[in-house]
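Reader: Please take a close look at one part of this model, the nonpolar core. Keep it brisk, and set it in the context of the whole chain.

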Amino acid sequence: LKHIMFLSEKLGNIFSTQMSTILYKKILKFSQANSIKIVKEGEVLNYILVDVKNITELINYIYYFISVPILLGALIWYMYYLIGYVFFVSILTFAFVAIVSLIISNYYSYLNKFIVKAKDKRTGLLNEILSSIKLIKIYGWDDEFLDRILNLRDDEIFWYRKMYNNA
């Protein structure tokens with residue numbers, strides 16, 4: 001398996017140098033032949049080199065595409081050989097716990113969006129109040145703005161309670 005990894009990395013490096021050389025030559029020919037500069041050669045080269053790098057990394061991961069299924073198959077067979085059917089029960093339990101954990105984390109992420117929105121509203125109002133505090137004090141709008149802040153804070157607390165009371 002190490003030999004396959006070495007060969008895939010070697011193949012990736014060869015591919016990268018060959019593609020870079022071909023693309024440099026193409027860009028040089030294109031820039032000499034084209035007197036009208038619509039797109040800069042540097043931008044085109046940057047896009048192309050990023051694509052070459054991504055393809056090279058894919059080639060480097062060929063090792064994992066080959067070795068991981070083989071190793072997983074050997075591991076499953078060996079664990080079944082050692083402990084029998086209990087191994088499959090433990091795998092199913094692990095999968096069940098992982099799925100439940102994923103569902104719970106998605107739920108908390110969903111609720112967190114509402115908490116962030118409520119915080120943003122309250123913070124925006126506080127910034128507005130702090131930037132014009134003199135006018136609020138002069139005109140006596142303290143109670144009105146305090147009510148608005150408390151209402152927004154109540155919304156925020158509602159989402160916090162919904163998130164943490166259902167835990």
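Author: Here is the core, after a short word on the model and the chain. This is a predicted model, in which local features need pLDDT of at least 70 and side-chain atom pairs count only at pLDDT 80 or more, while totals for chains, interfaces and linings use all residues. Residues are numbered from 1 along each chain as its sequence is written, and side-chain values use heavy atoms, with hydrogens and water left out.

The protein chain has 6 helices and 0 strands; both are DSSP runs, numbered from the N terminus, with helices (H or I) of at least four residues and strands (E) of at least two. The elements run α-α-α-α-α-α from the N terminus on. Of the 167 residues, 16% are buried, where buried means under 20% relative accessible area, exposed over 50% and partly exposed in between (1.4 Å probe, protein chains only).

Now the core. A nonpolar core is a set of buried Ala, Val, Leu, Ile, Met, Phe, Trp, Tyr and Cys residues joined through side-chain atoms within 4.5 Å. The largest one has 6 residues: Leu125, Ile129, Ile136, Phe145, Ile149 and Leu152. Helix H4 (86–131) and helix H6 (142–165) each supply at least two of them. H6 gives the most, with 3 residues.

Look at Ile149. Neighbours within four places in sequence aside, Ile149 is in contact with Leu125, Leu126 and Ile129. Contact means heavy atoms within 4.5 Å. Across the protein chain, 71% of the contacts with a separation of 6 or more join residues 24 or more positions apart.
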